[in-house]
Amino acid sequence: MRWPVEHSAHPANRTPKHTKPAPAYAHRMRFGAVIPYAAERDFAELAAVAEAAGWDAVFSWEAVWGQDAWVTLAAAAMTTQRIRLGTLLTPVPAQRPWELAQKIASVDRLSGGRVTVSVGLGAVQGNWSAFLPDEGRAVRARQLDEGLDVVAGLLRGQPFSYAGTHWSVSEVTELIPPGPVQQPHPPIWCVGALVPGRTRQPSLERAARWQGILPAVAGGAEGSSGLTLEALREIVCRVRGIREAAGLGMDGYDVVVEGDSYGSFGSVRPPISAWADAGATWWVESWWDLPDGPAEREATLAETRRRLGQGPPR
């Protein structure tokens, strides 16, 4: 997910901090990377670099108005064969859920079933407020829940209808598009923010209903998810309890930690084995500190290519 942060310059020859031998994890860890600033063709080329270097997934990002993440992922689907492709993240309250569903299904078909969708409330910044009102977190939370219900329902296929406060859908009987390869729908990872000191945790309850969680701590500092090892252990414990109470287990459930092995973005750092021991199943490199100005774009692409080409920090 893109946490607000000021961009700083980077040395082109920065040395990564993951040159140690790979540790033995208690469970299989997967590794992804957010490609922060790349046009469609560049993203597709970088996705192929990541695939060749052994990464498990690459992610684009979505704004209310900006480069179409799903067109970008579709381009990457045509240059890769194995690596998973996803968003990190999609602001569902800003989207028409039927349009989102058709984009997800299209890229899942193009990629042969390699899509993962990361979702959240969305950050109300200038790119949002230029087009949409800020109706508050409570309203966006309800829009997120209803939007996910509609997306998942449409991807499961017809007949499907839905009556909500924000979205209503009638059964479709003509021009029905084909469904995704992954059934009943591609994995959905949801932001789950722990509110310290609160007994009930609605954000964690939401994330527990889907296929994975992007853990965070509410009230974290700007530019950070606020996540610590202690907080991750508590989040995983709570999510496990919620899922077990609903008759679900943790098998196949993803706990996705965003960090930076290069030590410039956010506050989550290696050793990755410590995060795995706390319950993480994915480590996603987020390099939002790379500059995105027009004059710096080529240097940023070269640095991103270099980092991806070195392979994941196993």
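Two strands are taken to pair if DSSP finds at least two bridges between them. In this predicted model, that criterion is met by strand E4 (residues 115-120) and strand E7 (residues 188-194), which run in the parallel sense and share three bridges. Within this pairing, Val-119 has Cys-190 of E7 as its bridge partner.

The pairing of E4 with E7 belongs to a wider arrangement. Eight strands close into a barrel, in the order E1-E2-E3-E4-E7-E8-E9-E10, and their pairing is parallel. On average, neighbouring strands of this sheet are turned by 30° against each other, direction ignored. In general terms, strands of a sheet pair through backbone hydrogen bonds, either parallel or antiparallel. Helix H3 (residues 97-111) lies across strand E3 (84-91) and E4, and runs at about 155° to E4.

Further along the barrel order, strand E9 offers a helpful close-up. Two bridges join strand E8 (residues 212-217) to E9 in parallel fashion, with Ile-213 and Val-255 of E9 as bridge partners. Four bridges join E9 to strand E10 (residues 282-286), again parallel, and here Gly-259 has Glu-285 of E10 as its partner. Strand E9 (residues 254-259) is largely enclosed by the rest of the structure, because six of its six residues are buried. As a rule, the side chains of a regular strand alternate between the two faces of the sheet. In E9, Asp-254, Val-256 and Glu-258 point one way, while Val-255, Val-257 and Gly-259 point the other way, and all are buried.

Two of these E9 residues lead on to the nonpolar interior. Leu-232 touches Val-255 and Val-257, and its contacts beyond four places in sequence also include Pro-215, Leu-227, Trp-275, Ala-278 and Ala-280. The largest nonpolar core holds 65 residues, of which Trp-70, Leu-227 and Leu-232 touch the most other members. Apart from this core lies another, of 14 residues, among them Tyr-37, Ala-57, Leu-88 and Phe-265.

Trp-70 also draws attention to helix H2 (residues 69-77), which is largely enclosed by the rest of the structure because seven of its nine residues are buried. The buried residues of H2 are Ala-69, Trp-70, Thr-72, Leu-73, Ala-74, Ala-76 and Ala-77. They pack against helix H1 (40-53), strand E2 (57-60), E3, H3 and E4. At the start of H2, a side-chain oxygen of Asp-68 reaches to within 2.8 Å of the backbone nitrogen of Trp-70.

Two further helices each supply a buried residue with contacts beyond its sequence neighbours. Gln-143 is found in helix H5 (residues 137-156), and at 11% relative accessibility it counts as buried. The side chain of Gln-143 makes a polar contact of 3.3 Å with that of Glu-135. Leaving aside neighbours within four places in sequence, Gln-143 is in contact with Val-92, Pro-93, Glu-135, His-166 and Trp-167. In helix H6 (residues 202-208) sits Ala-208, which counts as buried at 2% relative accessibility. With neighbours within four places again set aside, Ala-208 is in contact with Val-239, Ile-242, Arg-243, Leu-248 and Tyr-253. The C-alpha atoms of Ala-208 and Gln-183 are separated by 19 Å, with the two residues 25 apart along the chain.

Returning to Cys-190, the bridge partner of Val-119, its cysteine chemistry can be settled briefly. A disulfide is a covalent bond between the sulfur atoms of two cysteines. A search of the whole structure finds zero disulfides. The closest cysteine sulfur to that of Cys-190 belongs to Cys-237, and because it is 19 Å away, it is too far for a bond. Cys-237 is likewise in no disulfide. Cys-190 counts as buried, at 0% relative accessibility.

Finally, the backbone holds a few points worth a second look. Most residues other than glycine have a negative phi, and most peptide bonds are trans. A cis peptide bond joins Leu-88 and Leu-89, with omega about 5°, and Leu-89 has its place in strand E3. The peptide bond from Gln-158 to Pro-159 is also cis, with omega near 0°; Pro-159 is found in the loop between H5 and strand E5 (162-163). Leu-175 is not a glycine, yet it has a positive phi of about 55°. Leu-175 lies in the loop between strand E6 (168-169) and E7, and at 83% relative accessibility it counts as exposed.

Methods: Residues numbered from 1 in each chain as written. Predicted model: local features only at pLDDT ≥ 70, side-chain atom pairs only at ≥ 80, totals over all residues. Heavy atoms only, no water. Disulfide = S-S within 2.5 Å. Buried < 20%, exposed > 50% of the residue type's maximum accessible area, 1.4 Å probe, protein only. Polar contact = N/O pair within 3.5 Å; in protein donor to acceptor, adjacent residues only side chain to side chain. Contact = heavy atoms within 4.5 Å. Axes fitted to C-alpha atoms, helices over the stretch in contact; angles between N-to-C directions. Core = buried A, V, L, I, M, F, W, Y, C linked by side-chain atoms within 4.5 Å.
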